[in-house]
Structures are given as structure tokens and as C-alpha cells.
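Let's take a walk through a protein model together. Keep the picture open and turn it as you read.

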Amino acid sequence: MRLVLQQDNEILLSDRLRDAHAVTAPLVRDVMQLVCRRHSHPGRAGAVARIERLVAEQAWAEVALALIDLELPQWQLRRLAYDGGEWHCALSRQREMPEWLDEAVEASHPDLPGALLGAILEAKRTVQHLGRPSVPAAPRETAPCAILCCDNFA
């Protein structure tokens, strides 16, 4: 039931973002509430403080880029273009791959921060759909190792 509600919230938020002419503080807060998992992590206090400062300054594009760094560290900005009155944003996990081989997420919006936030929502949806975390897991155990000297002293 909770997953269905979360998916409904994502769809409603995507629709609100698509219909908005420009990004507003309530819209950014709603995206942050949906996307942010590591926002309260003690090791990320500096990044969180920076995002809060950018929100206070209403620097929406910078907020979106900081959210990518904080919440989607394996995703990178692949393409950002303005064409036909809209901004087009693509995020990718493997930016160095040829574009036709890459599985990038894309979003477009008349407003630059709207395109960035839309791509963030798409990346989050992709991560949830694949069932893989956006951050690689650390190995749980280390294999025992033996030190062996291979020098020939003869």
C-alpha cells in the first residue's frame, strides 16, 4: 500500500512539475521530500547546509545539481540543451559510453531548473524500478588473505 501511495505521489509531483511555468519553493521542497534519503545523514551535513542555503537564495538550478550530487551520486549530467523553447536534460550512469548505447533518463521543461528536477524524478523512478540502489554497496566481509614472500634469496 505504501509503495502505491509513493508511486502516486511521484506521478502527481511529475504532473505538477510538467504543468508549472517556473519552479517555485513549494515545488522544490516537495521534490526534495520525495527524493532525499541521505538528507539527514550526519556525514552529509555540509552538503545539506549548502542545499538549504541555495533553497533560501532560490537558486533552483544549483539546488537541482546539488541534489544530484547528494542523492544520485552515480548519475551524472550527460546533456543539457535548449531547443525550441524548452530545456532538455539527460542524466546517465555511464556518461562516457556512446549516446546510442547509454540508458539515460531524460526530461524537458521550458524552465532550466524544471528540466533538471524532472530528470532527477525520472532517475529516482528508474532506480526504484531496477531495484538497484543509486549508491554501490560496500562489501560486507573481506576475504582472509595470506602474505606470501616470493623473493628468491638463493
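Start with helices α3 and α4, which are roughly antiparallel to each other; that label is for angles over 145 degrees, while under 35 counts as roughly parallel, 65 to 115 as roughly perpendicular and the rest as oblique. Two packed helices are described by the angle between their axes and the distance between the axes. For α3 and α4 (residues 60-71), the angle is about 160 degrees and the axes lie 9 Å apart. An axis here is a line fitted to C-alpha atoms, for helices over the stretch in contact, and angles run from 0 to 180 degrees between N-to-C directions. The crossing of this pair is left-handed, meaning that the near helix is turned anticlockwise from the far one by less than a right angle (clockwise would make it right-handed).

Now look at who touches whom. From α3, Ala-47, Val-48, Arg-50, Ile-51, Leu-54 and Val-55 meet Trp-60, Glu-62, Val-63, Ala-66, Leu-67 and Leu-70 of α4, where contact means heavy atoms within 4.5 Å. Sorted by class, this contact has ten nonpolar, no polar and two charged residues. The classes work like this: Ala, Val, Leu, Ile, Met, Phe, Trp, Tyr, Cys and Pro are nonpolar, Asp, Glu, Lys and Arg are charged, and the others, Gly among them, are polar.

A quick word on the ground rules: this is a predicted model, in which local features need pLDDT of at least 70 and side-chain atom pairs count only at pLDDT 80 or more, while totals for chains, interfaces and linings use all residues. Residues are numbered from 1 along each chain as its sequence is written, and side-chain values use heavy atoms, with hydrogens and water left out.

Helix α3 (residues 45-56) also packs against α2 (residues 25-35), at an angle of about 160 degrees and with the axes 11 Å apart. These two are therefore roughly antiparallel as well, but α2 passes α3 in a right-handed crossing. Here Val-28, Arg-29 and Met-32 of α2 meet Ile-51, Glu-52 and Val-55 of α3. That contact has four nonpolar, no polar and two charged residues.

What sits in the loop between α3 and α4? Find Gln-58 there. Its phi is near 60 degrees, a positive value in a residue other than glycine. Is Gln-58 buried or exposed? With a relative accessible area of 53%, Gln-58 is exposed; the cut-offs are under 20% for buried, over 50% for exposed and partly exposed in between (1.4 Å probe, protein chains only). The C-alpha atoms of Gln-58 and Ala-25 are 7.2 Å apart, although 33 residues separate the two along the chain.

Next, the sheet. Three strands form an open sheet in the order β1-β2-β3, with antiparallel pairing; two strands pair if DSSP finds at least two bridges between them. The edges belong to β1 (76-83) and β3, each with a single partner strand, so one side of each has no neighbour in the sheet. On average, neighbouring strands are turned by 15 degrees against each other, direction ignored.

Seven bridges link β1 and β2, and Arg-79 stands opposite Ala-90 in β2. The two strands make a hairpin with two residues between them, and Gly-84 in the turn has a positive phi of about 60 degrees. On the other side, five bridges join β2 (residues 86-92) to β3. There, Leu-91 has Val-105 as its bridge partner, and Cys-89 stands opposite Ala-107.

In a regular strand the side chains alternate between the two faces of the sheet. You can follow this along β3 (residues 105-109): Val-105, Ala-107 and His-109 point to one face and are buried, while Glu-106 and Ser-108 point to the other and are not.

Finally, zoom out. The protein has five helices and three strands, which are DSSP runs numbered from the N terminus (helices: H or I, at least four residues; strands: E, at least two). From the N terminus on, the elements run α-α-α-α-β-β-β-α. Of the 154 residues, 34% count as buried.
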